[in-house]
Amino acid sequence: MTAAAGPSGPSGATAANPSGGALQVESHGIDVIADADRKGRPRDLFWPWFAANVSVLGLSYGAWVLDFGISFGQATAAAVVGILFSFVLCGLVSLAGKRGSAPTMVLSRAALGVRGNRVASGLSWLLTVGWETVLVSLATLATGTVLGRLGWGGGTTTQVVALLVVAGLVVAGGVFGFDLIMRLQTVITVVTAVLTVGYVLLVLDEVDLDAVAAVPAGSGQAFVGALVFMMTGFGLGWVNMAADYSRYLPRTSSSRGVVGWTTVGASLAPLLLVGFGLLLAASDDELRAAISADPVGALTTVLPPWYLLPFAVVAVLGLVGGAVLDLYSSGLALVATGLPVKRPVAAGIDGVVMVLGTIYVVFGSDEFFGVFQGFLITLGVPIAAWCGIFLADIALRRRPYAERDLFTPAGRYGDVVGPTLAVLAVASFLGWGLVVNTYAGWLAWQGYLLGPLGGREGAWAFANLGVLVALAVGFVATLVLRAGAVRRQESLPAEAAVPAREVEASLQPDGRL
């Protein structure tokens, strides 16, 4: 049985102090959501996940996946399998949020220890801040391109103004929190879906089916590389925060519904957008090359001028939808690392880092895709390892989380869990050794285990096998090493591991240690 969360217990909030309305700053931090504050149904998860993934960036993935040197059919198969499988992982992680009503990086303490989990929280923070930077950079570049084509500027000044506006929207959503995000994402979903359909209809005649059919097939290794790229670009970029949005659901909510609505909401738009993006990119080699430098802005080159402004709206809103979720979760992850600040302050800090990163990408980097690919590969490996560990921990548990023990090193989940931290380290070591990253000189050390497979220049060099290996090792090793420990934890009475007063003495009001 889960420990009760009283008025001054781990929840840090009472029924009289819920998360607040859409225009009130959310009071919850990394605490457990009290029963009185849990609300909604699994199908409500469709809106934030769809809005976060309906971005026209999905069209650009069509060009990127073809850059692996594979045919349209191979690219389509890689996209479908990679997107669906990776978002199913998000759905499974969301189950932990329903069970434990706490953020992902708090529930992960059950596997890695209360303080040991700070390693995973740090990785999660890096990944989410990185994605925020990517999405805001794309929105800035796209706005500059569109306004330039309209003759309304498009130079550095335009990009600076676009950056300030987009960053302001994202930071506001991240700071105000859950209720504003849920309402904002519903609006973004409807507006972006309608305008995206308009884009597709307007450029449909650009598709050349003969050119699409003529794209030659690639090797099996190239197909695997494209598949893994789609996994890291979609679901594996969200697994570390998937429980952050299901934690408000009542615990009686359908588990099947949580997994299903998360998976459908997150994958529906990418499946359609990547599919059409593949048709466009395979039809026009110049467009495919232009996407590497300006992924979203390049898509305007096939639009009639009168639709450029609506396209700017759909591009910016879609990217903002994803960035808002990232900023909200990056704030939670930063607090979970032990930084002594409240969630809104952490979100503000992340906003500053995001703006600085965007300035580098937009004004200091020659090619977007190189930076993007290097970022995905490097962080994709340890996040995949953590995902395997966390999914195995979820699979091993039969009882609800002991809430109080998630917030004290003296509890049943422990301070630092050596075996799972060792699994994270080993899986990451193996993973980095089986990927090659040529997109930045300081990442050239990767690929040190590829010798038996042909080395850094061999056929398997760019298959990104390390991501799959890290995921599998994390999952299997945790199942083997932690089954007994989880059984012992769940054999304890709900509040036997540590007195409630000891937990409360160690906590700030929002659940921080």
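**Notebook: aromatic pairs, helix α13 and a pocket**

I began with the aromatic side chains of this predicted model, where Tyr61, Trp64, Phe68, Phe87, Phe229 and Phe234 form one aromatic cluster.

Next I looked up how many aromatic pairs there are in total, and the count comes to 17. I took tryptophan 49 and tryptophan 238 as one of these pairs, and noted 5.6 Å from centre to centre with 80° between the planes, which makes the pair edge-to-face. I then checked where the two partners sit in the chain: tryptophan 49 belongs to helix α1 (residues 46-53), while tryptophan 238 lies in the loop between α10 (220-233) and α11 (255-283), so that the pair links distant parts of the chain, 189 residues apart.

Are these two tryptophans buried or exposed? Tryptophan 49 has 0% relative accessibility and therefore counts as buried, and tryptophan 238, at 7%, counts as buried because the cut-off is under 20%.

I went back to the cluster for a second pair, tyrosine 61 with phenylalanine 229, whose ring centres are 5.7 Å apart and whose planes meet at 40°, so I entered the pair as tilted. This pair also links distant parts of the chain, with tyrosine 61 in helix α2 (residues 57-66) and phenylalanine 229 in helix α10, 168 residues apart. For burial I wrote down a relative accessibility of 1% for tyrosine 61, which counts as buried, and a relative accessible area of 1% for phenylalanine 229, which is buried.

I turned from the rings to helix α13 (residues 308-336), which has 29 residues and reaches 42 Å from its first C-alpha to its last, close to the 42 Å expected at 1.5 Å a residue. Why did I note α13 as largely enclosed by the rest of the structure? The reason I recorded is that 25 of its 29 residues are buried. Just after α13, I found glycine 338 with a positive phi of about 105°.

My last entry concerns the second largest pocket, which holds about 210 Å³ of space. I listed its lining as Phe50, Val54, Leu59, Ala193, Thr196, Val197, Val200, Ala269, Leu272, Leu273 and Phe276. The elements that give two or more residues to this lining are α8 (178-203) and α11. Sorting the lining by class, I obtained 10 nonpolar residues, 1 polar residue and no charged residues, and the polar one is Thr196.

Note on methods. Residues numbered from 1 in each chain as written. Predicted model: local features only at pLDDT ≥ 70, side-chain atom pairs only at ≥ 80, totals over all residues. Heavy atoms only, no water. Phe/Tyr/Trp six-rings, centres within 6.5 Å; stacked < 30°, edge-to-face > 60°. Helix = DSSP H or I, 4+ residues; strand = E, 2+ residues; numbered from the N terminus. Buried < 20%, exposed > 50% of the residue type's maximum accessible area, 1.4 Å probe, protein only. Expected span 1.5 Å × (residues − 1). 1 Å grid on protein atoms, 1.4 Å probe; cavity = no way out; pocket = protein on both sides within 12 Å on 5 of 7 lines; lining within 4 Å. Points joined across faces, edges and corners; volume = space filled by probe spheres on them.
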